[in-house]
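Please open the structure in your viewer and keep the selection tool ready, since this tour moves from one selection to the next and says what is there each time.

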Amino acid sequence: MKLECFFKYLKQITSYHVIGTYETVYIYEYSAKRPWQLADRELILYMVVKANKDNFAENKFIKKGFYTFGQAKDYAKNTYNLGRELG
C-alpha cells in the first residue's frame, strides 16, 4: 500500500474479514497535514482499505476522506461482503 498523502499520524481503528475470501478490510484514522493558515488546525479523517490475502492493497481499493468513523464503516459494509470484526 502506497499512500500519496502526508499524515501527522495514521492508526488502524478496526478490521473486518470479507466473507468468502481471504481479504481483509481495514478502517484507519489519520490526521492530514494542512497548508498555510490551516496548519495549526487538526483535521481528522478516516479511510477504508481492502487488502488481499497477502495483506497488500492496490490504490483502487483505498478510499480516503471520510469525515466520521460511521461514514467509513457504512461505506465498507455497503461495498464489501463483511463478516465479523477481527480482534
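Is Lys50 buried or exposed? Select Lys50 to begin: at 11% relative accessibility, this residue counts as buried, where buried means under 20% relative accessible area, exposed means over 50%, and partly exposed lies in between (1.4 Å probe, protein chains only). Before going on, please note that this is a predicted model, in which local features need pLDDT of at least 70 and side-chain atom pairs count only at pLDDT 80 or more, while totals for chains, interfaces and linings use all residues. Residues are numbered from 1 along each chain as its sequence is written, and side-chain values use heavy atoms, with hydrogens and water left out.

**From Lys50 to Glu23**

Now add Glu23 to the selection, and you will find its side chain meeting that of Lys50 in a salt bridge (3.5 Å, N to O). The pair links distant parts of the chain, 27 residues apart, with Lys50 in strand β3 (residues 43-51) and Glu23 in the loop between β1 and β2. A salt bridge here is a side-chain nitrogen of Lys or Arg within 4 Å of a carboxyl oxygen of Asp or Glu, and strands are DSSP runs (E, at least two residues) numbered from the N terminus. Unlike buried Lys50, Glu23 counts as partly exposed, at 22% relative accessibility.

**The hairpin of β1 and β2**

Next, select residues 7-18, which are strand β1, together with residues 24-32, which are strand β2; the two run antiparallel and are joined by 9 bridges, and two strands pair if DSSP finds at least two bridges between them. They form a hairpin with 5 residues between them, and in the turn you can pick out Gly20, which has a positive phi of about 85°.

Within this hairpin, select Lys11, whose bridge partner in β2 is Glu29. The side chains of Lys11 and Glu29 also meet in a salt bridge (3.7 Å, N to O), a link between residues that lie 18 apart in the chain. Lys11 counts as partly exposed at 41% relative accessibility, whereas Glu29 is buried, with a relative accessible area of 11%.

**On to β5 and the last pair**

Keep β1 selected and add residues 82-85, strand β5, which runs antiparallel to β1 and is joined to it by 2 bridges; here Val18 stands opposite Leu82.

Finally, select Glu58 and Lys60, whose side chains meet in a salt bridge (3.9 Å, N to O). Glu58 is partly exposed at 46%, and Lys60 is exposed at 64%. A search of the whole structure finds 3 salt bridges.

How values were computed. Helices (H or I, at least four residues) and strands (E, at least two) are DSSP runs, numbered from the N terminus.
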